Amino acid sequence: MADVRSIALGDNTVYLIKRAGGRLLVDTGPDYAGAWEALQEGLRGEQPDVVVATHGHHDHAGLGRRWQAVGTPVRVGRDDAALTARPLLQSPSETAAMLGWAESTGAPPETLAHVRERIESRRASAQRAAESSEYPEDGVRWPTGLRYPTFEADKLVEGDTEVAGIEVLAAPGHTPGNVVLAVREEGWLFSGDQLLPDVDPLPAIQFVPEGEGLRRFPTLAHFAASLERLAECGFTRCFPGHGEPFDGAGEALAGALARIERRCARVRESLNDGGPATVYELCTRLYPRGTERHFWQTASSVQGHLDLLGSRGEAREADGRWEAC
């Protein structure tokens with residue numbers, strides 16, 4: 001028999017799972033001013049034996065080093081090790097890969113100039129979050145902005161495994177090393193950002209090592225495959241990384257997949273009706289306002305759905321232009 005306690009930390013929710021195998025905390029918690037104290041209050045003296053971060057983003061793994069400082073080991077998916085170990089975009093090769101992708105979309109020079117500014121701003125913010133002893137003042141989703149001191153995970157999770165009597169399932173997509181946790185006899189899914197109430201995470205532009213260089217990770221193709229796998233597991237209750245736990249996990253998984261399919265259908269229809277196009281041209285066809293105001297998010301989403309269509313043989317790319325198959 002398992003027991004679970006939800007602890008809200010600003011926009012995030014972490015979970016203490018207790019069963020015969022011990023106590024496990026799902027996600028480290030975000031590192032905002034007062035977060036550690038609020039987390040300790042929520043734990044009520046019941047300290048976890050181990051912490052498993054569902055993925056390496058700053059709001060899900062930000063307190064990793066703090067947990068290690070008190071002797072609690074932290075585990076992270078193997079392919080997210082770099083996300084916790086160094087600030088985002090500090091590597092020149094990573095920055096170059098991001099810029100290279102933006103250029104490959106066919107975006108005009110003025111848009112690319114904004115992209116360069118955004119990448120540099122994100123790089124500088126990630127470095128400050130890793131190194132500063134002060135918290136940023138731009139708290140919107142949390143009481144303050146977030147820090148993210150880097151850390152090396154005590155152990156990397158590879159494939160499906162069990163930690164403290166809890167299943168940890170590989171669910172790549174949201175990040176390359178994303179994991180979810182499960183207590184199957186209860187029908188519980190601890191989803192991190194894999195499944196959220198009322199929102200679907202945008203596909204991100206991400207890169208993973210390949211040989212001596214980097215290759216782009218097809219986020220949405222992996223994300224959808226992970227959703228499909230989880231939809232077959234019969235989960236009935238979801239404990240998301242943001243928001244309150246909710247029933248109807250199976251229906252929510254099916255709904256998330258259906259929304260992806262609807263967006264894929266729009267992209268495929270545009271290719272059929274309007275002919276081959278660059279990523280940027282597809283953005284302006286489908287989301288003209290979004291492309292003008294939020295190019296990066298719009299282009300990331302369109303690229304993700306093209307990747308998914310491509311993985312199914314329903315679209316293909318040649319010389320920077322995509323066409324329906």
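Reader: Is Asp 198 buried or exposed?

Author: This is a predicted model, and in it Asp 198 counts as exposed, with a relative accessibility of 81%. Asp 198 is found in the loop between strand E10 (188–192) and strand E11 (206–210), and its phi is positive, about 70°, although Asp 198 is not a glycine.

Reader: Where does Ala 164 lie, and how does one read its backbone?

Author: Ala 164 belongs to the loop between E7 and strand E8 (166–170). Although it is not a glycine, Ala 164 has a positive phi of about 50°, and this value falls in the hairpin of E7 and E8, which has two residues between the strands. With a relative accessible area of 22%, Ala 164 is partly exposed, since the buried class is kept for values under 20%.

Reader: How should I read the pairing of the strands that this hairpin connects?

Author: As a general idea, strands of a sheet pair through backbone hydrogen bonds, in either the parallel or the antiparallel sense. Here E7 and E8 run antiparallel and are joined by three bridges, and Thr 161 has Val 168 in E8 as its bridge partner. E8 is in turn joined to strand E9 (residues 179–183) by four bridges, again with an antiparallel run, and in this pair Leu 169 stands opposite Val 180 in E9.

Reader: What is the order of the strands in the sheet that holds E7 and E8?

Author: The order is E7-E8-E9-E10-E13-E14, an open sheet of six strands with mixed pairing. Strand E7 (161–163) and strand E14 (246–247) each have a single partner strand and stand at the edges, so one side of each is left without a neighbour in the sheet. At the E14 end, strand E13 (residues 237–240) is joined to E14 by two bridges, and these strands run antiparallel; Cys 238 stands opposite Phe 246 in E14.

Reader: Which strands stand at the edges of the sheet that begins with E1?

Author: That sheet is open and is formed by six strands in the order E1-E2-E3-E4-E5-E6, with mixed pairing. Strand E1 (3–9) and strand E6 (155–157) are the edge strands, each with a single partner strand, so one side of each has no neighbour in the sheet. From one strand to the next, the twist averages 25°.

Reader: In what sense do E4 and E5 pair, parallel or antiparallel?

Author: Strand E4 (residues 50–52) and strand E5 (residues 74–77) pair in the parallel sense, over two bridges, and the bridge partner of Val 51 in E5 is Val 74. For the side chains, the general idea is that in a regular strand they alternate between the two faces of the sheet.

Reader: Which strands does helix H1 lie across?

Author: Helix H1 (residues 35–43) lies across E1, strand E2 (12–19) and strand E3 (22–26), and it runs at about 155° to E1.

Reader: At what angle do the axes of H6 and H11 cross?

Author: The axes of helix H6 (residues 109–131) and helix H11 (residues 295–311) cross at roughly 95° and come within 10 Å. H6 is therefore roughly perpendicular to H11, a description that covers angles of 65 to 115 degrees. In the contact, Thr 111, Val 115, Arg 118, Ile 119 and Arg 122 in H6 meet Phe 295, Trp 296 and Gln 297 in H11. Sorted by class, this contact of H6 with H11 has four nonpolar, two polar and two charged residues.

Methods. Residues are numbered from 1 along each chain as its sequence is written. This is a predicted model: local features need pLDDT of at least 70, side-chain atom pairs count only at pLDDT 80 or more; totals for chains, interfaces and linings use all residues. Side-chain values use heavy atoms; hydrogens and water are left out. Two strands pair if DSSP finds at least two bridges between them. Buried means under 20% relative accessible area, exposed over 50%, partly exposed in between (1.4 Å probe, protein chains only). Axes are lines fitted to C-alpha atoms, for helices over the stretch in contact, and angles run from 0 to 180 degrees between N-to-C directions. Angles under 35 degrees count as roughly parallel, over 145 as roughly antiparallel, 65 to 115 as roughly perpendicular and the rest as oblique. Contact means heavy atoms within 4.5 Å. Ala, Val, Leu, Ile, Met, Phe, Trp, Tyr, Cys and Pro count as nonpolar, Asp, Glu, Lys and Arg as charged, and the others, Gly among them, as polar.
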